[in-house]
Amino acid sequence: MTVATNALRSDAGVWDAQSAELAKIGPEVQDLRLSRIEAGVFQLMVGPYDTLADQLTDRCTEGTGRLAEVGKTLRTVADTYDAEEAKNEHALRNLY
């Protein structure tokens, strides 16, 4: 059981790491926004382009939270398994 719960905690760390990486992307996407001067002859694209940048930032923010939730859930499951294992081990030891 220890191997399984350690694997769950290890996987949770991977999800947390990916959450941190995704959190870095949102601000970088916002840096890609264009002013009308920067767009030059492509000014018609500025509005939709900036809307896309906003949507990408929103999805990155949302994804960051969701990835962290998965990591937290994996840790909760591992803790529950450990608690149940300790409880059942204690009960089995008292049978003899």
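**Threonines, helices and salt bridges in a predicted model**

In this predicted model, the side chain of threonine 51 reaches the backbone oxygen of glycine 47 at 2.9 Å. That counts as a polar contact, meaning a pair of N or O atoms within 3.5 Å; within protein, one must be able to donate a hydrogen and the other to accept it, and residues adjacent in sequence count only if both atoms are side-chain atoms. Threonine 51 sits in helix H3; helices here are DSSP runs (H or I, at least four residues), numbered from the N terminus. At 41% relative accessibility, threonine 51 comes out as partly exposed. On this scale, buried means under 20% relative accessible area, exposed means over 50%, and partly exposed is in between (1.4 Å probe, protein chains only).

A word on the ground rules. Residues are numbered from 1 along each chain as its sequence is written, and side-chain values use heavy atoms, with hydrogens and water left out. Since the model is predicted, local features need pLDDT of at least 70 and side-chain atom pairs count only at pLDDT 80 or more, while totals for chains, interfaces and linings use all residues.

As for confidence, pLDDT is the predictor's own score for each residue, from 0 to 100. The protein averages 89, and 95% of the residues score at least 70. Among the elements, helix H1 has the highest mean pLDDT, at 93, and helix H2 (residues 36–39) the lowest, at 80. As a general caution, where pLDDT is low, the predicted coordinates should not be read in detail.

Helix H1 covers residues 2–30, which makes 29 residues. From its first C-alpha to its last, H1 reaches 44 Å, close to the 42 Å expected at 1.5 Å a residue; the expected span is 1.5 Å times one less than the number of residues. Buried positions in H1 are Thr5, Leu8, Ala12, Ser19, Gly26 and Val29. Threonine 5 has a relative accessible area of 2%. A polar atom of the threonine 5 side chain lies 3.1 Å from the backbone oxygen of threonine 2. Setting aside residues up to four places away in sequence, threonine 5 also touches Ala78, Tyr81 and Asp82, where contact means heavy atoms within 4.5 Å.

Leucine 8 of H1 gives a handy reference point for two threonines of H3. Threonine 73 belongs to helix H3 and is partly exposed, with a relative accessible area of 46%. The C-alpha atoms of threonine 73 and leucine 8 are 9.6 Å apart, although 65 residues separate the two along the chain. For threonine 51 and leucine 8, 43 residues apart along the chain, the C-alpha separation is 38 Å.

On to the charged pairs. Side chains of opposite charge can pair when their charged atoms come close. A search of the whole structure turns up eight salt bridges, each defined as a side-chain nitrogen of Lys or Arg within 4 Å of a carboxyl oxygen of Asp or Glu. In one of them, the side chains of arginine 33 and aspartate 50 meet at 3.6 Å, N to O. Arginine 33 lies in the loop between H1 and H2 and aspartate 50 in helix H3, so this pair ties together parts that are 17 residues apart in sequence. Aspartate 50, placed in H3 (residues 46–93), is buried at 11% relative accessibility, whereas arginine 33 is partly exposed at 31%. Outside its close sequence neighbours (up to four places away), aspartate 50 touches Arg33 and Leu34.

Arginine 33 has another partner, aspartate 54, and their side chains form a salt bridge at 2.5 Å, N to O. This pair too links distant parts of the chain, with aspartate 54 in helix H3 and arginine 33 in the loop between H1 and H2, 21 residues apart. Aspartate 54 counts as partly exposed, at 32% relative accessibility.

Within H3, arginine 59 forms a salt bridge with glutamate 62, their closest N and O atoms being 3.3 Å apart. These residues are three apart in helix H3, so about one helical turn separates them. Arginine 59 is partly exposed at 49% relative accessible area, and glutamate 62 is also partly exposed, at 41%. Elsewhere, salt bridges that share partners join Arg9, Asp79 and Asp82 into one network.
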